[in-house]
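This report covers selected helices and strands, how they are enclosed, and what they pair with. Please read it alongside the sequence and the coordinates.

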Amino acid sequence: MIFVPYDRPVRAAFVGLGRIYDLNMRGYVDNPDVEVVALVDPSQERRDQRQADWPDAATFPSVEKLAASGIDIDTVECLLPAPMHADGIVELLERGWHVNAQKPLCNDLAAAYRILAAAKANDRVLRVMENYLFYEPLRKLKAVVDAGDIGDVAGYHVKMVGSGNGGWDVPWSSFEWQLEQIQVGRGIMVFDDGWHKLSTALWLFGPVREVRAWIGVTSFGSGIDIDAPAMLSWEHENGVRGVWDITLAPDLYMRSDYYTNDERWEVTGTKGYARVNRIMARGIQEPSLQVYCDGEMRGFHALDDDWGNSFRESGRHWIRYMRTGEGPLNWSSEEAVDVLRFALAAYESSAAGGIGVDPRQLGLAGHAGEQRP
Ligand SMILES: NC(=O)c1ccc[n+]([C@@H]2O[C@H](COP(=O)([O-])OP(=O)(O)OC[C@H]3O[C@@H](n4cnc5c(N)ncnc54)[C@H](O)[C@@H]3O)[C@@H](O)[C@H]2O)c1
């Protein structure tokens with residue numbers, strides 16, 4: 001499609017006003033390039049709560065009612081629960097609206113290609129926002145690595161420790177759809193939160209040609225089966241290898257303004273290393289990025305390490321795209337499919353005992369050996 005940027009502030013609707021709205025709305029606040037004209041959520045309580053942010057916006061219990069209102073909409077911030085993404089995103093595109101969707105794009109490749117086809121058929125832009133790509137310590141890590149400050153890349157390691165102790169309140173309703181996702185094999189660590197880790201890997205080092213995974217489960221009863229411990233490893237087309245370990249520490253307390261995952265990224269180069277020490281939670285209380293080389297450690301003390309602001313930057317980027325057409329989208333819908341393939345390759349590998357799987361070769365059902373769509 002040829003996207004023609006808007007020569008006026010874009011008219012936006014929020015669809016889904018739950019937990020993550022609190023961060024997503026940051027890109028829209030004090031942004032002269034956008035007018036928030038509509039808010040949609042079946043929950044009256046959520047609509048009333050969010051109306052305070054946008055007193056002039058009209059509120060609706062459904063997308064259908066918004067469409068019937070005749071209010072002009074250019075773009076939608078889609079914050080629906082993940083199980084609703086496949087049908088929900090298609091519906092928004094078919095209404096003729098550009099969509100800035102949340103991850104995960106959807107659960108399988110058949111749905112992904114259906115969504116992409118809807119974007120194409122309706123000549124609309126679909127972005128699958130990836131706020132981690134806008135988190136300043138990670139951006140600086142990428143800049144340090146790309147500049148060759150630690151030599152050539154020798155490999156890298158992502159660490160994630162899951163805990164539910166500390167952080168902001170997550171309403172039970174936000175967990176309910178996660179349980180649905182667990183039931184269809186799309187767990188909260190590898191698939192939901194993991195989407196960001198896999199995205200970041202692709203962003204840092206490019207396409208992946210082989211994935212090997214060992215995904216375990218820890219059951220807490222009542223269907224709460226957490227997909228950890230897990231280890232995923234992969235090789236990029238450029239030969240760089242990455243490894244990600246996921247560990248569960250349910251009683252670990254983390255101070256956090258958001259979720260409580262303890263996370264680290266460490267890239268090793270031929271003459272040094274660069275490490276981001278924390279993302280969502282305030283785990284390691286060192287500078288958010290440290291770079292070691294030639295016997296000296298450099299600490300970056302003035303980066304914006306508030307994870308919530310990565311949403312602000314990502315949201316502003318999207319609105320700027322709508323106004324100027326300046327990319328890249330971070331992520332485009334095709335890039336989001338690459339992330340999905342990466343995750344599906346990990347499942348395929350783990351199910352087969354950890355064999356190497358090429359994510360580029362998976363068929364519609366997510367299996368190796370099928371014909372690639
Ligand atoms: N980027 C990130 O780091 C990040 C973090 C958390 C969540 N997310 C993603 O954001 C999305 C929403 O997550 P959440 O935690 O805010 O969930 P949530 O359950 O708190 O909020 C979802 C909201 O959607 C509303 N809703 C349900 N059906 C609807 C419909 N038909 N039309 C309009 N609204 C409807 C619900 O009433 C609820 O208010 C998910 O895709 C999730 O994966 C992303």
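Two strands pair if DSSP finds at least two bridges between them. The model discussed here is predicted.

**Strand β17 and its partners**

Strand β17 covers residues 289-293. On one side of the pairing list is strand β16, residues 272-276. β16 and β17 pair in the antiparallel sense, over 5 bridges. Strand β18, residues 296-300, is also joined to β17 by 5 bridges. That pair runs antiparallel too.

Valine 291 of β17 appears in both pairings. Alanine 274 stands opposite valine 291. Arginine 298 in β18 stands opposite valine 291 as well.

β17 and β18 form a hairpin, with 2 residues between them. Aspartate 294 sits in that turn and has a positive phi of about 50 degrees.

How enclosed is β17? Of its 5 residues, 4 are buried, so the strand is largely enclosed by the rest of the structure.

**Burial by element**

| Element | Residues | Buried residues |
|---|---|---|
| Helix α4 | residues 85-94 | 7 of 10 |
| Strand β17 | residues 289-293 | 4 of 5 |
| Helix α10 | residues 333-351 | 15 of 19 |

**Helix α4**

Helix α4 is largely enclosed by the rest of the structure, because 7 of its 10 residues are buried. Which residues of α4 are buried? They are His85, Ala86, Gly88, Ile89, Val90, Leu92 and Leu93.

These buried residues pack against several elements. The strands are β1 (10-15), β4 (75-78), β5 (98-101) and β6 (126-128). The helices are α3 (63-69) and α5 (109-121).

Glycine 88 lies in helix α4. Its relative accessible area is 11%; buried means under 20%, so glycine 88 counts as buried. Glycine 88 and isoleucine 115 are 27 residues apart in sequence. In space they are 9.5 Å apart, C-alpha to C-alpha.

Glycine 96 follows α4. The phi of glycine 96 is positive, near 90 degrees.

**Helix α10**

Helix α10 spans residues 333-351 and has 19 residues. From its first C-alpha to its last, α10 reaches 27 Å. That is close to the 27 Å expected at 1.5 Å a residue.

Is α10 enclosed or open? With 15 of its 19 residues buried, α10 is largely enclosed by the rest of the structure.

A glycine follows this helix as well: glycine 353 comes after α10. Its phi is positive, near 85 degrees.

How values were computed. Residues numbered from 1 in each chain as written. Predicted model: local features only at pLDDT ≥ 70, side-chain atom pairs only at ≥ 80, totals over all residues. Heavy atoms only, no water. Buried < 20%, exposed > 50% of the residue type's maximum accessible area, 1.4 Å probe, protein only. Contact = heavy atoms within 4.5 Å. Expected span 1.5 Å × (residues − 1).
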